[in-house]
Amino acid sequence: MPRLLSIPLLSCRRDLLLLCLSGALMGGAWAQTLTSPLPPAGQAPDAQGHGGVLPSGEGAGVHSPLSPFAPLPRREDVLAWSLLTDVTTRIEKKRIVPVYSAEVKALDQKKQRLQGFMMPLDPGEQQRHFLLSSVPLTCSFCTPGGPESMVEVRTKVPVKYSLGAVVVEGTFHVLPNDPFGFYYRFTDAVGVK
């Protein structure tokens with residue numbers, strides 16, 4: 001087993017991603033298929049050097065069979081991740097931008113509910129700003145899927161951190177050109193049962 005080098009706290013996230021991916025490529029009982037920003041092999045590049053299919057995630061991510069957390073239970077009162085992850089991309093002014101279906105666009109600026117797994121962005125037991133993911137994290141340095149499988153959440157009141165599934169309700173925003181690469185956001189959200 002290779003020896004891990006000490007990585008400074010503020011090192012490039014790319015290095016951490018490569019470290020995580022190298023572990024997955026080495027195999028092992030915990031290895032799983034991750035989404036890829038690269039187009040399928042064998043596709044001819046276009047005039048800008050991109051593959052025939054633009055980079056995008058591959059849906060709701062992968063729930064590891066080794067995860068100690070159960071997959072999300074089916075609920076009729078929340079948005080379906082299958083709807084949110086059904087998004088394509090295109091290149092616009094040298095940026096990858098999402099292309100949403102009419103059904104997803106119709107959700108913009110409306111009160112919605114979503115269940116998922118919390119990915120805290122700040123320390124502490126009470127969270128006001130976090131990501132909600134369709135699958136639980138299996139690697140501390142990797143995202144579980146593409147940007148279509150995560151939603152940024154900003155709450156009115158703090159929500160208690162949980163390793164299990166949580167449900168939030170708030171104003172849902174579809175983000176056609178977010179500077180941070182998010183596709184969706186909840187504002188004024190609250191935790192619900």
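Two strands count as paired if DSSP finds at least two bridges between them. Keep that rule in mind for the barrel described below. The model is a predicted one.

Start with the overall plan. The protein has 3 helices and 7 strands. From the N terminus, the elements run α-α-β-β-α-β-β-β-β-β. Of its 193 residues, 35% count as buried. The accessible surface comes to about 11,900 Å², and 59% of that surface belongs to carbon and sulfur atoms. Contacts reach across the chain. Among those between residues at least 6 apart in sequence, 62% join residues at least 24 apart.

Now the barrel. A closed barrel of 5 strands runs in the order 3-4-5-7-6, with mixed pairing. The twist from one strand to the next averages 50 degrees.

Take strand 3 as the entry point. Strand 3 spans residues 110-120, and 8 bridges join it to strand 6, residues 165-174. These two strands run antiparallel. Arg113 has Glu169 in strand 6 as its bridge partner. Strand 3 also pairs with strand 4, again in the antiparallel sense, over 4 bridges. Here the bridge partner of Met119 is Leu131 in strand 4. Strands 3 and 4 form a hairpin with 5 residues between them. In the turn, Gly124 has a positive phi of about 115 degrees.

Strand 4 deserves a closer look. How many of its 8 residues are buried? The count is 6, so strand 4 (residues 126-133) is largely enclosed by the rest of the structure. On to strand 5: 7 bridges join it to strand 4, and the two run antiparallel. His129 stands opposite Arg154 in strand 5.

Next door to Arg154 in sequence sits Thr155, also in strand 5, which covers residues 150-160. Thr155 has 9% relative accessibility, so it counts as buried, because the limit for buried is under 20%. Its side chain reaches the backbone oxygen of Val157 at 2.9 Å. Beyond its neighbours within four places in sequence, Thr155 is in contact with Gln127, Arg128, Phe130 and Ala189.

Now turn to a loop. Val87 lies between helix 2 (81-84) and strand 1 (88-92). Is this loop residue buried or exposed? Val87 counts as buried, at 13% relative accessibility. Its C-alpha atom is separated by 7.1 Å from that of Glu148, although the two residues are 61 apart along the chain. Setting aside neighbours within four places in sequence, Val87 is in contact with Pro98, Val99, Tyr100, Glu148, Tyr183 and Tyr184.

Some of those contacts lead to the aromatic rings. A pair of aromatic rings is described by the distance of the centres and the angle of the planes. The protein has 5 aromatic pairs. Tyr100 and Tyr184 form a tilted one, at 5.6 Å centre to centre with 55 degrees between the planes. This pair links distant parts of the chain, 84 residues apart. Tyr100 is in the loop between strand 2 (95-99) and helix 3 (102-105), while Tyr184 is in strand 7 (residues 184-192). Tyr100 is buried, with a relative accessible area of 9%. Tyr184 counts as buried at 0%.

Tyr184 has another ring partner. Phe172 and Tyr184 form a stacked pair, 5.4 Å centre to centre and 25 degrees between the planes. Phe172 is in strand 6 and Tyr184 in strand 7, 12 residues apart. Both Phe172 and Tyr184 are buried. One aromatic cluster takes in Tyr100, Phe172, Tyr183, Tyr184 and Phe186.

Definitions and conventions
Residues numbered from 1 in each chain as written. Predicted model: local features only at pLDDT ≥ 70, side-chain atom pairs only at ≥ 80, totals over all residues. Heavy atoms only, no water. Buried < 20%, exposed > 50% of the residue type's maximum accessible area, 1.4 Å probe, protein only. Polar contact = N/O pair within 3.5 Å; in protein donor to acceptor, adjacent residues only side chain to side chain. Contact = heavy atoms within 4.5 Å. Areas by Shrake-Rupley, 256 points an atom, 1.4 Å probe, with all protein chains shown as cover. Axes fitted to C-alpha atoms, helices over the stretch in contact; angles between N-to-C directions. Phe/Tyr/Trp six-rings, centres within 6.5 Å; stacked < 30°, edge-to-face > 60°.
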